[in-house]
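Biologist: Please pick one part of this model and take me through it closely, in plain terms. I would like to know how that part is put together and what lies around it.

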Amino acid sequence: MSSDNYRSHYTFAMDFGTSDFKYGPITLGEKPRIVNNRGYFPDKSSVMYKAFEPTSDVIVGDDVPLYLQSAEDLSSRLIYPMRNGMIDKSDDQAWRVVSSLTSYSLDAFKPESNNGFRGYYVVASLSSVSPRYMYERLLGTFQENNHGKIRAVTVIPQPFAVAIGHGVTTCVVIESGHGNSQVCPISKYPIRAAQVALNRGGGDANAITSEILKDTGYGDLANEEAVVRKVKENIGLVPGNLDNAIADAKKFPRKARARYRVPGTRVEVDLEKDSWSRFLIGEYVFNPNHEIFDSYFSRGMPRPKDVKMGDTVFRGMLDFGEAIIASVERCPVELQPMLYREVLLSGGNFSWTVPPKLEESAVDAPTKVRLLLRDRGIKNVSVKMTSSPQFSVWHGCIIYGFAVPEDYEWDWQRLEGWMKVSN
Amino acid sequence: MPNPDSNQAGLSFLVGADQVHVMVLKTQDLAQRNSIIDTVLKLSSLRNSYQTVYLAAPRLLGATIDASIFRAHGIGLLFFDERRIDEAVAPQPLQPTRPPVIPAPAQDPALVSELATLKSMYFEMERNLTQLRDDLKHLHQAPRNEGFAPQPSHPPLGGGPHEPVFAPNIVQGGPLPSYFSNNPWLEVLSKRGRLENEPLAG
């Protein structure tokens with residue numbers, strides 16, 4: 001049987017996101033299975049543990065809620081291994097969660113015995129800023145957990161998978177999640193030397209939202225993370241031009257009024273005459289350099305700093321326009337116009353909407369990025385959201401696993417290729 | 001009392017003159033796709049043997065099923081966790097029945113003839129469908145100048161002289177997902193390691 005026919009059934013992808021773990025074989029079609037990217041280490045003396053006697057020390061997947069014990073224990077027992085896209089080298093608990101998730105996912109799709117199954121071709125994806133030791137640990141995990149389930153394994157960066165899933169071979173992928181953002185040029189390969197990382201993500205939008213709630217008399221809500229996030233998602237806007245949007249909102253406060261009721265409660269946030277501040281939320285994500293934010297920094301809101309994590313320096317105050325330009329200008333000059341023509345935005349931090357009647361002031365994420373680049377002299381730009389923001393990484397991994405020849409062996413310089421797993 | 005029928009899973013009780021049967025779903029069963037349906041179908045088949053039947057399931061299942069279905073079929077539903085057991089749906093007691101004796105109808109020659117005709121048409125359709133499936137398979141495997149059909153880039157896997165039989169949940173010969181359509185990466189990736197002189201932008 002040809003390898004293409006075999007891999008049209010036995011290609012398997014795993015997307016290790018910061019919150020969710022998406023997994024499954026090619027035969028699932030459009031949508032992978034999804035569980036939380038987390039694991040729980042139960043207290044072995046508990047009645048529940050003794051009654052159901054799980055075979056593993058780490059509980060992952062849909063069973064986690066069954067084993068949760070006291071709230072006080074959660075912070076030490078419930079582990080989210082990839083909150084910032086990276087796992088510390090010495091964080092054994094986090095690596096055990098990752099190991100359990102890989103076993104859990106492969107066991108969920110065990111083919112019938114004696115049907116000629118010789119192991120899956122597994123493609124896993126990691127954040128583009130993952131240092132080499134993460135590749136080493138993850139590939140080692142697959143080797144340990146094999147037991148005949150895996151024929152070969154590889155790891156690819158998530159922005160690379162996004163480009164593959166979107167079907168564009170030359171582009172810049174900007175991935176923005178809760179903790180950080182990455183700008184990654186792709187031209188048939190990831191151009192790793194040109195990547196730029198930002199120490200800014202959805203969590204920073206939450207921070208400015210919290211400050212706005214304090215300033216407008218909702219200090220009691222400002223400390224509840226889940227409420228702050230909901231308020232951000234429902235009233236936060238991205239301005240095309242911040243000064244003009246604020247002026248317009250102050251002139252016509254009813255048009256720009258920001259109001260949100262927390263579902264199932266009587267709690268309502270109404271910014272009234274301060275509704276202009278809703279534009280600060282979106283602006284801060286894309287460009288924290290406006291002087292209006294200085295007053296928040298001086299009052300104690302943390303200014304995004306440059307930090308080094310692993311091998312990568314994450315820039316704190318670089319706006320998205322400058323970040324894209326800095327990244328593209330590290331690439332060959334001939335390639336640069338082609339990269340600007342395909343800029344892809346991926347990740348939950350780009351899900352900004354434009355409400356009716358505010359089309360003149362508010363814009364969506366692709367438009368904002370286009371405006372930032374235009375203000376810096378880059379005009380022939382095409383910026384789009386990825387076609388399937390939730391699943392594009394998983395799609396890209398499936399295509400990679402199907403198409404790459406099986407004799408293309410893993411190379412530690414290139415960080416690509418198949419690593420054969422002994423059976 | 002223990003279930004006298006060793007082939008039947010579950011627990012049987014005698015409550016007065018009524019026979020009660022309970023089938024228990026364990027937590028690990030929830031992870032298996034067909035175990036819930038299998039258990040419920042087994043319970044339904046026991047409706048004529050026991051006055052009352054119950055399904056006992058972990059409380060977690062309560063959020064995912066509609067209890068009215070159990071009510072409609074007279075099956076009782078119990079939820080349990082480490083603290084207690086609750087009856088979510090009360091069963092409808094039923095007298096065990098004997099299957100009715102239906103006299104064999106007299107054979108209608110016209111009906112028999114029509115059935116034979118339908119049978120031969122069915123077999124003909126089945127042959128045509130098999131032929132169409134084979135033609136489609138050959139069409140997918142044939143080389144193309146454009147489109148997403150992948151080119152075989154290397155010799156078949158060695159070892160294993162027999163064709164694998166795929167699991168029932170795999171649709172053999174089915175189309176690839178939509179994100180494969182017109183995707184240029186299929187060709188780019190299929191050449192990995194083949195064009196060693198190709199300059200890398202990275």
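Modeller: In chain A, take the contacts between residues with a separation of 6 or more: residues 24 or more positions apart account for 68% of them. In chain B, 44% of the contacts between residues at least 6 apart in sequence join residues at least 24 apart. Both values come from a predicted model. Chain A has 423 residues, and 49% of them count as buried. Its elements are 16 helices and 20 strands. Chain B has 202 residues, of which buried residues make up 14%, and it has 5 helices and 5 strands.

The part I will go through is a sheet in chain A. This sheet is open and has 7 strands, in the order β15-β16-β11-β10-β9-β17-β19, with mixed pairing. The strands at the edges are β15 (307–309) and β19 (383–385) of chain A; each has a single partner strand, so one side of each is left without a neighbour in the sheet. On average, neighbouring strands of this sheet are turned by 30 degrees against each other, direction ignored. Strands of a sheet pair through backbone hydrogen bonds, and the pairing can be parallel or antiparallel.

Both kinds of pairing are found at β9(A), so that strand is a useful place to look. On one side, β9(A) runs antiparallel to β10(A), and 7 bridges join the two. One of the paired positions is A:Cys171, whose bridge partner in β10(A) is A:Ile186. The connection from β9(A) to β10(A) is a hairpin of 4 residues. On the other side, β9(A) pairs with β17(A), residues 343–346, in the parallel sense over 4 bridges. There, A:Glu175 has A:Ser346 of β17(A) as its bridge partner. Strand β9(A) covers residues 170–176 and is mostly covered, with 6 of its 7 residues buried.

At one edge of the sheet, β15(A) and β16(A) (residues 312–315) pair in the antiparallel sense over 3 bridges. In this pair, A:Lys308 stands opposite A:Val313 in β16(A). In a regular strand, the side chains alternate between the two faces of the sheet.

A helix lies across part of this sheet. It is α13(A), residues 320–328, and the strands it lies across are β9, β10, β11 and β17 of chain A. Its direction makes an angle of about 35 degrees with β10(A).

The loop that follows β10(A) holds a residue with an unusual backbone angle. Most residues other than glycine have a negative phi. The phi of A:Lys188, however, is near 65 degrees, a positive value. A:Lys188 is in the loop between β10 (181–187) and β11 (196–198) of chain A. A:Lys188 is partly exposed, because the 18 other C-beta atoms within 10 Å fall short of the 20 needed to count as buried.

Next comes the packing around the sheet. The largest nonpolar core has 125 residues, and those with the most contacts inside it are A:Val122, A:Val172, A:Val343, A:Ile399 and A:Tyr400. The element that gives the most to this core is α16(A), with 8 residues. The core also draws at least three residues from each of domain 1 (39–79) and domain 2 (201–303) of chain A. Not counting residues up to four places away in sequence, A:Val122 touches A:Phe12, A:Met14, A:Phe142, A:Ile150 and A:Val153. There is also a second, separate core of 11 residues, which includes B:Tyr50, B:Val53, B:Leu55 and B:Leu77.

Helix α16(A) deserves a few more words. It spans residues 392–403, which is 12 residues, and reaches 16 Å from its first C-alpha to its last, close to the 16 Å expected at 1.5 Å a residue. Of these 12 residues, 12 are buried, so α16(A) is largely enclosed by the rest of the structure. Among the buried residues are A:Trp394, A:His395, A:Ile399 and A:Tyr400.

After this helix there is another residue with a positive phi. A:Leu415 is not a glycine, yet its phi is about 55 degrees. A:Leu415 is found in the loop between α16 and β20 (419–420) of chain A. With 16 other C-beta atoms within 10 Å, A:Leu415 is partly exposed.

Technical notes:
Residues are numbered from 1 along each chain as its sequence is written. Chains are lettered from A and ligands numbered from 1 in the order in which they are written. This is a predicted model: local features need pLDDT of at least 70, side-chain atom pairs count only at pLDDT 80 or more; totals for chains, interfaces and linings use all residues. The expected span of a helix is 1.5 Å times one less than its number of residues. Two strands pair if DSSP finds at least two bridges between them. Two residues are in contact if their C-beta atoms, placed from the backbone, lie within 7 Å. A nonpolar core is a set of buried Ala, Val, Leu, Ile, Met, Phe, Trp, Tyr and Cys residues joined through C-beta atoms within 7 Å. Domain bounds come from an automatic or database domain assignment. Axes are lines fitted to C-alpha atoms, for helices over the stretch in contact, and angles run from 0 to 180 degrees between N-to-C directions.
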